[in-house]
Amino acid sequence: MKTISLTIDGKEITAREGDSLLWAALDNGIYIPNLCAIRDKTEPSASCRLCFVEVEGYRQPVTACTEPVREGMVVNTKGPEALRLACTAFELLLATHPVDCAHCLANRNCELQNIAAHLGIKLKTDRFKKILRELPVDDSSPLFIYDPNKCVLCGRCVWVCQQQGTGFLGFAHRGFERVVTTFGDEPFGESECLECGECVNVCPTGAFVLK
Ligand code: FES
């Protein structure tokens with residue numbers, strides 16, 4: 001496969017033709033905030049809006065997960081406009097997320113903590129009005145607990161569940177009501193769930209955690 005040379009944050013790197021800017025950066029040790037990106041998914045959902053970068057010659061920032069690498073590209077992951085967009089998206093996400101890290105089983109193993117540190121934003125930001133959901137927590141599985149209130153709708157669990165051949169998890173409803181749930185909205189312990197634990201492995205927050 002053809003190799004592409006480009007520059008990100010002043011660092012010259014190589015990537016494979018067809019790679020997105022996001023994976024090229026991550027593979028070369030350059031962090032760009034992301035939640036919804038899934039490497040093997042050919043069409044990124046680009047729903048989290050956290051991976052904005054600035055590209056020389058472009059009039060506006062672009063999402064790194066949807067932008068293919070090009071020869072000679074010069075990319076800035078820390079440009080003011082890109083950071084402004086990413087910070088706004090992240091603070092909007094936090095407005096619907098229950099931030100109680102001290103009592104969360106994912107504490108210190110949560111991508112939201114990493115992103116907050118990277119962007120220099122407090123998890124308890126009050127920029128936007130807090131609107132929390134109060135959905136029931138499902139602890140019926142012998143393996144894990146599912147707390148939909150902590151879900152950021154990244155879609156990673158839905159994707160890996162499909163890859164297991166079950167397609168047992170999916171999205172339901174729209175807008176603020178949108179939620180990841182089981183087929184038929186059954187509790188995990190009473191469902192066809194294979195208990196493979198892949199949803200726990202890919203969850204970036206404390207929505208799926210092992211018991
Ligand atoms: S990782 Fe690019 S929009 Fe979510």
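Six aromatic pairs occur in this structure, which is a predicted model. Five residues, Phe 144, Tyr 146, Phe 168, Phe 188 and Phe 208, make up one aromatic cluster. The briefing then turns to the open sheet of five strands, the cysteines, of which none is in a disulfide, and the largest pocket, with a volume of about 630 Å³.

**Aromatic contacts**

- Phe 168 and Phe 188 form an edge-to-face pair, because their ring centres are 6.0 Å apart and their planes meet at 65°, where over 60 degrees counts as edge-to-face.
- Phe 168 belongs to the loop between helix H4 (156-163) and strand S7 (169-172), and Phe 188 to the loop between strand S8 (179-182) and helix H5 (198-202), so this contact ties together parts that are 20 residues apart in sequence.
- Both Phe 168 and Phe 188 are buried.
- Phe 188 also pairs with Phe 208; the ring centres are 5.8 Å apart and the planes are at 85°, so this pair is edge-to-face as well.
- This second pair links distant parts of the chain, with Phe 188 in the loop between S8 and H5 and Phe 208 in strand S9 (residues 208-210), 20 residues apart.
- Phe 208 is buried, as is Phe 188.
- A further ring contact involves a charge: the charged end of Arg 178 sits over the ring of Phe 171, at 4.2 Å from the ring centre.

**The five-stranded sheet**

- The strand order in this open sheet is S2-S1-S5-S3-S4, and the pairing is mixed.
- S2 and strand S4 (62-63) are the edge strands, each pairing on one side only.
- S1 and strand S2 (residues 11-16) run antiparallel and are joined by six bridges; Ser 5 stands opposite Thr 14 in S2.
- Two residues separate the strands in the hairpin of S1 and S2, where Asp 9 adopts a positive phi near 50°.
- S1 and strand S5 (residues 74-76) run parallel, with two bridges between them; Thr 7 has Val 74 in S5 as its bridge partner.
- Strand S3 (residues 52-55) pairs with S5 in the antiparallel sense, also over two bridges, and Glu 54 stands opposite Asn 76 in S5.

**Side-chain alternation in S1**

- In a regular strand, side chains alternate between the two faces of the sheet.
- Strand S1 (residues 3-8) shows such alternation: Ile 4, Leu 6 and Ile 8 point to one face and are buried.
- Thr 3, Ser 5 and Thr 7 point to the other face and are not buried.

**Cysteines**

- The structure contains zero disulfides.
- For Cys 101, the closest cysteine sulfur is that of Cys 110, at 6.4 Å; this is too far for a bond, because a disulfide requires sulfur atoms within 2.5 Å.
- Cys 101 is partly exposed, with a relative accessible area of 26%.
- Cys 193 is likewise in no disulfide, and its nearest cysteine sulfur, in Cys 199, is 6.2 Å away.
- Cys 193 has a relative accessible area of 18% and therefore counts as buried, the cut-off being under 20%.

**The largest pocket**

- The volume of the largest pocket is about 630 Å³.
- Its lining comprises 25 residues, of which Ser 47, Cys 48, Val 152, Leu 153 and Cys 154 lie nearest the centre of the pocket.
- Helix H2 (80-94) and H4 are the elements that give two or more residues to the lining of the largest pocket.

Note on methods. Residues are numbered from 1 along each chain as its sequence is written. This is a predicted model: local features need pLDDT of at least 70, side-chain atom pairs count only at pLDDT 80 or more; totals for chains, interfaces and linings use all residues. Side-chain values use heavy atoms; hydrogens and water are left out. Rings of Phe, Tyr and Trp (its six-membered ring) pair if their centres lie within 6.5 Å; planes under 30 degrees apart count as stacked, over 60 as edge-to-face and the rest as tilted. Helices (H or I, at least four residues) and strands (E, at least two) are DSSP runs, numbered from the N terminus. Buried means under 20% relative accessible area, exposed over 50%, partly exposed in between (1.4 Å probe, protein chains only). A charge sits over a ring if NZ of Lys or CZ of Arg is within 6 Å of the ring centre and within 35 degrees of the ring normal. Two strands pair if DSSP finds at least two bridges between them. On a 1 Å grid over the protein atoms alone, a cavity is a set of points where a 1.4 Å probe fits but cannot get out, and a pocket is an open set with protein on both sides within 12 Å along at least five of seven lines; lining residues have an atom within 4 Å of a point. Grid points are joined across faces, edges and corners, and a volume is the space filled by probe spheres set on the points.
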